[in-house]
Amino acid sequence: MTNTDPVLIEAAKSGDIGALNRVLALSRQDLRRYAEYHCVVNDVEDAVQETLLITARKIRQLRDASLLSSWLFRIVKRECNRYKR
């Protein structure tokens with residue numbers, strides 16, 4: 001995943017909307033690529049969008065900024081599996 005600055009992630013966690021938007025924008029392309037591997041083609045964009053929404057709502061729950069990538073990938077994979085059902 002694109003190397004996102006830990007300071008930017010912490011700012012997003014603390015409620016900085018601009019930082020949150022930047023984190024989401026930087027993550028989108030990698031999430032899409034990952035979702036293409038795990039989702040049915042028609043569900044890729046939906047899974048990415050849902051992941052970005054979940055991230056925006058729950059980023060404060062992220063314990064460590066260095067875990068952002070794995071956290072996002074788990075969310076998008078879960079969403080792909082949800083759409084498969």
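Does Glu-79 count as buried or exposed, and at what relative accessibility? In this predicted model, Glu-79 counts as buried, because its relative accessibility is 4% and the limit for a buried residue is under 20%. Glu-79 is found in helix 4. Leaving aside neighbours within four places in sequence, the residues in contact with Glu-79 are Ala-47, Glu-50, Thr-51 and Ile-54.

## Overall fold

The protein chain contains four helices and zero strands. Read from the N terminus, its elements follow the order α-α-α-α. The radius of gyration of the protein chain is 12 Å, close to the 12 Å given by the globule rule for 85 residues, so the chain is as compact as a globular protein of that length. Along the principal axes, the C-alpha atoms occupy a box of roughly 35 × 20 × 20 Å.

Of the 85 residues in the protein chain, 39% are buried. The accessible surface amounts to about 5,300 Å², and carbon and sulfur atoms account for 49% of that surface. Among contacts with a separation of 6 or more, 64% are made by residues 24 or more positions apart.

## Nonpolar core

The largest nonpolar core comprises 24 residues. Those with the most contacts inside this core are Ile-9, Ala-12, Leu-31, Ala-35, Cys-39, Leu-68 and Trp-71. Two or more residues each are contributed by helix 1 (6-13), helix 2 (17-38), helix 3 (44-58) and helix 4 (68-84). Helix 4 gives the most to the core, with seven residues.

Ala-12 illustrates the contacts of one such core residue. Not counting residues up to four places away in sequence, Ala-12 touches Ala-19, Leu-20, Val-23 and Ile-59.

## Disulfide

The structure holds one disulfide. This disulfide joins Cys-39 to Cys-80, with an S to S distance of 1.8 Å. The link of Cys-39 and Cys-80 is left-handed, with -90° about the S-S bond. Cys-39 lies in the loop between helix 2 and helix 3, while Cys-80 lies in helix 4, so the pair ties together parts that are 41 residues apart in sequence.

Both ends of the link are buried: Cys-39 has a relative accessibility of 9%, and Cys-80 has a relative accessible area of 1%. Cys-39 is also one of the residues with the most contacts inside the largest nonpolar core.

## Aromatic pair

One aromatic pair is present in the structure. The pair consists of Tyr-34 and Phe-73 and is stacked, with 4.5 Å centre to centre and 25° between the planes. Tyr-34 belongs to helix 2 and Phe-73 to helix 4, and the pair thereby links distant parts of the chain, 39 residues apart. Tyr-34 is partly exposed, because its relative accessible area is 24% and the partly exposed class lies between 20% and 50%.

## Accessibility of selected residues

The table lists residues discussed above.

| Residue | Relative accessible area | Class |
|---|---|---|
| Cys-80 | 1% | buried |
| Glu-79 | 4% | buried |
| Cys-39 | 9% | buried |
| Tyr-34 | 24% | partly exposed |

Helix 4 recurs in these descriptions. It contains Glu-79, holds Cys-80 of the disulfide and carries Phe-73 of the aromatic pair. Helix 4 also gives seven residues to the largest nonpolar core.

Note on methods:
Residues are numbered from 1 along each chain as its sequence is written. This is a predicted model: local features need pLDDT of at least 70, side-chain atom pairs count only at pLDDT 80 or more; totals for chains, interfaces and linings use all residues. Side-chain values use heavy atoms; hydrogens and water are left out. A nonpolar core is a set of buried Ala, Val, Leu, Ile, Met, Phe, Trp, Tyr and Cys residues joined through side-chain atoms within 4.5 Å. Buried means under 20% relative accessible area, exposed over 50%, partly exposed in between (1.4 Å probe, protein chains only). Contact means heavy atoms within 4.5 Å. A disulfide is a pair of cysteine sulfur atoms within 2.5 Å. The radius of gyration is taken over C-alpha atoms; the globule rule is 2.2 Å times the number of residues to the power 0.38. Accessible areas come from the Shrake-Rupley method with a 1.4 Å probe; for residues, only the protein chains shown count as cover. Rings of Phe, Tyr and Trp (its six-membered ring) pair if their centres lie within 6.5 Å; planes under 30 degrees apart count as stacked, over 60 as edge-to-face and the rest as tilted.
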